[in-house]
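Take a short walk through this protein with its ligand. Keep the sequence and the 3D view side by side.

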Amino acid sequence: MRVSAITSVLSLAGYAAAIGSLGFDLGVQRNSDSACKTSDDYISDFETISGYTNIVRVYASSDCNTLENIIPALKEKDFKLFLGVWATDDTHYAEEKTALSTYLPTIDASYIAGITVGSEALYRGDLSASDLVTRINEVRELVQDIDGYSSTPVGTVDSWEILIDGANSDVITNSDIVFANAFSYWQGQTMANSSYSFFDDIMQALQVIQTTKGSTDITFWVGETGWATDGGSYENADPTVDNAAQFWQESICGIRAWGVNTLVFEAFDESWKPVTSGVSGVETHWGVWTDDGTDPKYSLECTFD
Ligand SMILES: *[C@@H]1O[C@H](CO)[C@@H](O)[C@H](O)[C@H]1NC(C)=O
């Protein structure tokens with residue numbers, strides 16, 4: 001009696017004190033010549049990131065031979081990967097599955113933290129919820145048949161407002177892991193309201209995921225969040241280094257202090273990206289580091305570090 005009471009108090013205290021983990025979303029093309037990153041490029045990325053975390057996420061497996069090329073870097077630098085599988089179109093999706101079955105057997109499953117099928121596929125309307133469910137289950141079957149991968153979690157990542165839509169609840173039910181993306185910048189928020197809005201978005205998503213799953217014992221991450229440091233304003237949101245630094249402190253450190261794991265979009269500026277329509281220039285300035293920087297653009301220390 002006494003022992004179990006103490007144990008439960010301790011585990012409660014432990015839960016309250018747990019800080020959410022940090023990871024980074026990572027682009028797979030080089031800025032110098034927009035070529036696909038090589039294993040050496042990933043090793044150099046990981047050297048820069050390793051002062052802060054050893055967890056990264058990529059969006060696809062076959063594009064740019066990402067899985068093949070990143071595996072030697074994961075091994076060399078002992079990094080863990082959230083691996084994306086692009087779920088559309090059929091040819092591309094087939095190539096993704098081939099990459100999984102070809103390259104996952106060449107690395108120990110402990111390096112692969114989880115697999116996300118689709119990246120905002122529902123948000124873009126690329127797939128129906130039921131087609132995404134089919135693909136999540138196909139990928140799980142394929143991956144969990146690979147030697148050592150029987151317990152690798154497979155799920156998806158989408159925007160918070162998609163996840164709280166009851167029409168998508170089968171996606172949550174059929175996923176081992178569900179990550180929610182939320183960008184106060186793209187909601188046009190002022191800095192004063194940006195962390196309120198971010199917490200509100202993520203807590204709504206987390207609550208719906210927990211309710212749909214009927215459990216709080218789930219692995220949850222913010223899949224993408226961040227603040228751009230340059231480019232055009234979006235409604236009330238201004239991309240500046242000071243604002244990105246403030247967003248880091250209030251929202252990223254803040255939600256990790258609440259115990260929520262967070263993947264930050266994104267590690268490095270992607271200056272290779274074409275400046276397309278929409279908000280001028282902002283797409284190339286989401287990096288916490290510049291494209292070749294070794295020091296971050298602003299302090300990444302949180303008060304709990
Ligand atoms: C702050 O954000 C929330 C939603 O995230 C919104 O409902 C509210 O109107 C915003 N407040 C201000 C003052 O912009």
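**From a helix to the ligand**

Start in helix H2, which spans residues 39-49 and holds Asp45. The model is a predicted one. Is Asp45 buried or exposed? Asp45 counts as buried because its relative accessibility is 9%, and the cut-off for buried is under 20%. Which residues does Asp45 touch, leaving out those up to four places away in sequence? They are Leu26, Lys37 and Phe268.

Leu26 leads on to the core. The largest nonpolar core has 84 residues. Four of them touch the most other members: Phe24, Leu26, Leu104 and Trp248. Helix H8, residues 191-213, gives this core its largest share, seven residues. There is a general pattern here. Nonpolar side chains tend to be buried together in soluble globular proteins.

Now pick out Trp248. Set aside its neighbours within four places in sequence. Trp248 is then in contact with Leu22, Phe24 and Cys253, as well as Val264 and Val288. Its other contacts are Tyr298, Ser299, Leu300 and Cys302. A second core is separate from the largest one and has seven residues. Among them are Ile55, Val157, Ile177 and Trp221.

Trp221 also appears beside the next stop, Asn261. Find Asn261 in strand E8, residues 261-264. Asn261 is buried, because its relative accessible area of 17% falls under the 20% limit. What does its side chain reach? The side chain of Asn261 comes to 2.9 Å from the backbone nitrogen of Ser21. Ser21 is also one of the residues that Asn261 touches, with those up to four places away in sequence not counted. The others are Gly20, Phe220, Trp221 and Val222.

Finish at the ligand. Which residues are around it? They are Gln189, Asn193, Tyr196 and Ser197. This shell divides into three polar residues, one nonpolar and no charged. Look at the polar side-chain atoms. One from Asn193 lies 2.4 Å from an oxygen atom of the ligand. For Ser197, the distance from such an atom to a ligand oxygen is 3.1 Å. For Gln189, the corresponding distance is 3.3 Å. How much of the ligand does the protein cover? On its own, the ligand has 360 Å² of accessible area, and the protein covers 42% of that.

Key
Residues are numbered from 1 along each chain as its sequence is written. This is a predicted model: local features need pLDDT of at least 70, side-chain atom pairs count only at pLDDT 80 or more; totals for chains, interfaces and linings use all residues. Side-chain values use heavy atoms; hydrogens and water are left out. A residue is near a molecule or strand if one of its heavy atoms lies within 4 Å of it. A polar contact is a pair of N or O atoms within 3.5 Å; within protein, one must be able to donate a hydrogen and the other to accept it, and residues adjacent in sequence count only if both atoms are side-chain atoms. Accessible areas come from the Shrake-Rupley method with a 1.4 Å probe; for residues, only the protein chains shown count as cover. Ala, Val, Leu, Ile, Met, Phe, Trp, Tyr, Cys and Pro count as nonpolar, Asp, Glu, Lys and Arg as charged, and the others, Gly among them, as polar. A nonpolar core is a set of buried Ala, Val, Leu, Ile, Met, Phe, Trp, Tyr and Cys residues joined through side-chain atoms within 4.5 Å. Buried means under 20% relative accessible area, exposed over 50%, partly exposed in between (1.4 Å probe, protein chains only). Helices (H or I, at least four residues) and strands (E, at least two) are DSSP runs, numbered from the N terminus. Contact means heavy atoms within 4.5 Å.
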